[in-house]
Amino acid sequence: MIGLLINGKEMKELHYLLKRELDEILFDLKDERIDHIVKRAMEERYSILFNLFKRVAPSNECINYMRSLKNIKKG
């Protein structure tokens, strides 16, 4: 386990960056032109970023970025 000390301003920046990246990945996962192998890598990245996001964001915001099983199977 690795610890990280950040101040409030850095936490807000991390929160913003993670939200922006999660939004971008979700948008790209809907694009049918992207190959399924690339989408699989994007889903792995999304999972990692979402786990980080859960640590800095309130639970009501995390719900907006949770992927349902239906979305994952479509994905």
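The expected span of a helix is taken as 1.5 Å times one less than its number of residues. In this predicted model, the criterion can be applied to helix 1, which comprises the 22 residues 8-29. The expected span of helix 1 is therefore 32 Å, and the separation of 31 Å between its end C-alpha atoms agrees with that value. At the N-terminal end, helix 1 is capped by N7, a side-chain oxygen of which lies 3.1 Å from the backbone nitrogen of K9.

The buried residues of helix 1 are H15, L18, L22, I25 and L29. Viewed down the helix axis, these buried positions fall within an arc of 105°, and they therefore line one face of helix 1. The packing partners of the buried residues are helix 2 (36-56) and helix 3 (59-65). On the other side of helix 1, the residues K9, K12 and F27 are exposed.

The geometry of helix 2 was assessed in the same manner. For its 21 residues, a rise of 1.5 Å a residue gives an expected span of 30 Å; the end C-alpha atoms of helix 2 are 30 Å apart, in agreement with this expectation. Burial in helix 2 involves K39, M42, E43, Y46, L49, F50, F53 and V56. Because these buried residues fall within an arc of 145° when seen down the axis, they line one face of helix 2. Exposed residues on the other side of helix 2 are I37, I48 and R55.

Of these exposed positions, I37 was examined further. This residue is found in helix 2, and its relative accessibility of 57% exceeds the 50% cut-off, so I37 counts as exposed. Along the chain, I37 and R67 are 30 residues apart, and their C-alpha atoms are separated by 19 Å.

Attention was then given to the pockets of the model. The second largest pocket holds about 230 Å³ of space. Its lining is formed by M1, I2, L4, I6, M11, L14, N51, L52, R55 and V56. Helix 1 and helix 2 are the elements that give two or more residues to this lining. The greatest contribution to the lining of the second largest pocket comes from helix 2, with four residues. Two of the lining residues, R55 and V56, also appear in the burial analysis of helix 2: V56 is buried, whereas R55 is exposed.

How values were computed: Residues are numbered from 1 along each chain as its sequence is written. This is a predicted model: local features need pLDDT of at least 70, side-chain atom pairs count only at pLDDT 80 or more; totals for chains, interfaces and linings use all residues. Side-chain values use heavy atoms; hydrogens and water are left out. Buried means under 20% relative accessible area, exposed over 50%, partly exposed in between (1.4 Å probe, protein chains only). The arc is that of the directions from the helix axis to the C-beta atoms. Contact means heavy atoms within 4.5 Å. A polar contact is a pair of N or O atoms within 3.5 Å; within protein, one must be able to donate a hydrogen and the other to accept it, and residues adjacent in sequence count only if both atoms are side-chain atoms. On a 1 Å grid over the protein atoms alone, a cavity is a set of points where a 1.4 Å probe fits but cannot get out, and a pocket is an open set with protein on both sides within 12 Å along at least five of seven lines; lining residues have an atom within 4 Å of a point. Grid points are joined across faces, edges and corners, and a volume is the space filled by probe spheres set on the points.
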